[in-house]
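Please examine the sequence and the three-dimensional structure shown below. The paragraphs that follow offer a guided reading of the aromatic residues.

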Amino acid sequence: MKNERDEQFHQFVVSRRAALVRTATLLTAGDAHLAEDLVQSTLTKLYVAWPAFQRADNPDGYVRRALVNALTDERRRWWRRSERPMAEVPDRAAAEHAGDVSDGLRAALRELPPRMRAALVFRYFYDLDVADTADALGCSEGTVKSQTARALDRLRTVLGPNPSLALL
């Protein structure tokens, strides 16, 4: 038996889940499994905090912040730190919802720390301004600017001369 809250949450999930997975895939630099885990964690937290979410002045910002917090929490897990990355995992699913991000750019994004990557994703993939990105990341606008500049420098170093990065 569903109550009104459950029905509202269900409608939210139906309408927003695909976009959340796409954002999470970008935040994880193409790791579809981790992206699904992040979305599940975020949706669980949103369900618990549904009244607060409904009162939020900026619901989209609330969701973005919850997603970034889930990524940060995931990276802090002890077993994550002891994981060893492998060049190829044979049973890995393809990143279906990563948008039109090239493999080279996705690999370069994967090398960035999570919050630096999140700053780039929100600023350039979702075209958020500095203030909205700072709100999503829970930091100052100056931090967003410095993280973005450092991330772009790292991408330029990894990707080499790339005309599309010169425009950023």
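How many aromatic pairs does a search of the whole structure find? The model is a predicted one, and the search of the whole structure yields 6 aromatic pairs. One of them joins Phe12 and Trp50 in an edge-to-face arrangement, with 5.6 Å from centre to centre and 65° between the planes. This arrangement counts as edge-to-face because the angle between the planes is over 60 degrees. The pair connects distant parts of the chain, since Phe12 belongs to helix H1 (residues 4-27) and Trp50 to helix H3 (residues 50-55), 38 residues apart. Phe12 and Trp50 are both buried.

The same two residues also take part in a wider grouping: Phe12 and Trp50 join Phe9, Tyr47, Phe53 and Tyr62 in one aromatic cluster. Tyr47, a member of this cluster, has a charged neighbour as well. The charged end of Arg5 sits over the ring of Tyr47, at 4.7 Å from the ring's centre.

Attention now turns to another part of the chain. Here Arg123 lies over the face of Tyr124, 5.5 Å from the centre of the ring. Tyr124 also belongs to a nonpolar patch on the surface, which it forms with Phe125 and Tyr126. Together, these three residues have about 250 Å² of accessible area.

Is Phe125, a member of this patch, buried, partly exposed or exposed? Phe125 counts as partly exposed because its relative accessibility is 34%, and the partly exposed class lies between under 20% for buried and over 50% for exposed. Phe125 is found in helix H7, which covers residues 114-125.

Note on methods:
Residues numbered from 1 in each chain as written. Predicted model: local features only at pLDDT ≥ 70, side-chain atom pairs only at ≥ 80, totals over all residues. Heavy atoms only, no water. Patch = residues over 30% accessible without salt bridge, like charges linked within 9 Å, V, L, I, M, F, W, Y side chains within 5 Å. Areas by Shrake-Rupley, 256 points an atom, 1.4 Å probe, with all protein chains shown as cover. Salt bridge = Lys/Arg side-chain N within 4 Å of Asp/Glu carboxyl O. Helix = DSSP H or I, 4+ residues; strand = E, 2+ residues; numbered from the N terminus. Buried < 20%, exposed > 50% of the residue type's maximum accessible area, 1.4 Å probe, protein only. Phe/Tyr/Trp six-rings, centres within 6.5 Å; stacked < 30°, edge-to-face > 60°. Lys NZ or Arg CZ within 6 Å of the ring centre and 35° of its normal.
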